[in-house]
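Let's take a friendly walk through a protein model. Have a look at the picture first, and then we'll go through it piece by piece.

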Amino acid sequence: SLIVSPRDGESLTTASVSIVGWAWAFEEIASVEVSTDGGANWSPAEIAPRQASAWHPFSCRWSPTSAGQPTLLCRATDRHGRTH
């Protein structure tokens with residue numbers, strides 16, 4: 001899985017940010033989670049249904065609570081419970 005927005009180094013100027021990305025695995029993706037604090041905490045993202053063997057788009061809303069440079073991460077779990 002990967003985050004495509006916001007881009008690395010992008011300055012965020014709004015109170016609410018849309019985190020958008022793509023996830024793929026050989027098996028269907030069951031869930032995607034996003035972390036805004038380097039992996040200490042994880043929140044579920046919304047994912048679109050898989051179309052054939054294509055990548056799943058995902059997104060979630062985030063409201064930063066402090067200034068600074070957050071470390072955004074994402075992880076996907078397939079339907080067999082394997083996290084990628």
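## Getting started

Before we talk about sheets, here is one idea to hold on to: two strands pair if DSSP finds at least two bridges between them. Keep in mind, too, that what you're looking at is a predicted model.

So what is the chain built from? It has zero helices and seven strands, and reading along the sequence gives the pattern β-β-β-β-β-β-β. The radius of gyration is 13 Å, close to the 12 Å that the globule rule gives for 84 residues, so the chain is as compact as a globular protein of that length. Along its principal axes, the C-alpha trace spans about 40 × 25 × 15 Å.

## The three-stranded sheet

With the pairing idea in hand, take the open sheet made of three strands, in the order 4-3-7, with antiparallel pairing. Strand 4 (43–44) and strand 7 are the edge strands, each pairing on one side only.

Zoom in on strands 3 and 4: they run antiparallel and are joined by two bridges. Here, valine 34 has serine 43 in strand 4 as its bridge partner.

## The four-stranded sheet

There is also an open sheet of four strands, ordered 1-2-6-5 and again paired antiparallel. Strand 1 (2–5) and strand 5 (46–47) each have a single partner strand, so one side of each is left without a neighbour in the sheet.

Let's go across it. Strand 1 pairs with strand 2 (residues 17–23) in the antiparallel sense, over three bridges. Leucine 2 is matched with tryptophan 22 in strand 2, and serine 5 has valine 20 in strand 2 as its bridge partner. Next, strand 2 is joined to strand 6 by seven bridges, with the two running antiparallel. In strand 6, valine 20 has serine 59 as its bridge partner, while serine 18 stands opposite arginine 61. Last come strands 5 and 6, an antiparallel pair with two bridges; in this pair, isoleucine 47 stands opposite phenylalanine 58 of strand 6.

## Two faces per strand

Which residues of strand 2 are on its covered face? They are Val17, Ile19, Gly21 and Ala23, whereas Ser18, Val20 and Trp22 make up the uncovered face. Strand 6 (residues 56–62) can be split up in a similar list: His56, Phe58, Cys60 and Trp62 are on the covered face, and Pro57, Ser59 and Arg61 are on the uncovered one.

## What's inside

In soluble globular proteins, nonpolar side chains tend to be buried together. In this model, the largest nonpolar core has 13 residues, and those with the most contacts inside it are Ala23, Ile29, Val32, Val34, Ala45 and Phe58. The elements that give two or more residues to this core are strand 2, strand 3 (29–35), strand 6 and strand 7 (73–78).

What does alanine 23 touch, once you leave aside its neighbours within four places in sequence? The list is Ser1, Ile29, Val32, Trp55, His56, Phe58 and Ala76. For the chain as a whole, 25% of the 84 residues count as buried. And among contacts between residues at least 6 apart in sequence, 60% join residues at least 24 apart.

## Serine 5 and its cis bond

Serine 5 deserves a stop of its own. It is found in strand 1. Is serine 5 buried or exposed? Neither, quite: its relative accessible area is 28%, so it falls between the two cut-offs, under 20% for buried and over 50% for exposed, and counts as partly exposed. Leaving aside neighbours within four places in sequence, serine 5 is in contact with Ser18, Ile19 and Val20. Serine 5 and serine 59 are 54 residues apart in sequence and 9.3 Å apart in space, C-alpha to C-alpha.

Most peptide bonds are trans. The bond that joins serine 5 and proline 6, however, is cis, with omega at about 5°. Proline 6 has its place in the loop between strand 1 and strand 2.

## A charge over a ring

One last thing to find in the picture: the charged end of arginine 75 sits over the ring of tryptophan 42, 3.9 Å from its centre. As for pairs of aromatic rings, the count comes to zero.

Terms used. Residues numbered from 1 in each chain as written. Predicted model: local features only at pLDDT ≥ 70, side-chain atom pairs only at ≥ 80, totals over all residues. Heavy atoms only, no water. Buried < 20%, exposed > 50% of the residue type's maximum accessible area, 1.4 Å probe, protein only. Core = buried A, V, L, I, M, F, W, Y, C linked by side-chain atoms within 4.5 Å. Contact = heavy atoms within 4.5 Å. Phe/Tyr/Trp six-rings, centres within 6.5 Å; stacked < 30°, edge-to-face > 60°. Lys NZ or Arg CZ within 6 Å of the ring centre and 35° of its normal. Rg over C-alpha atoms; globule rule 2.2 N^0.38 Å.
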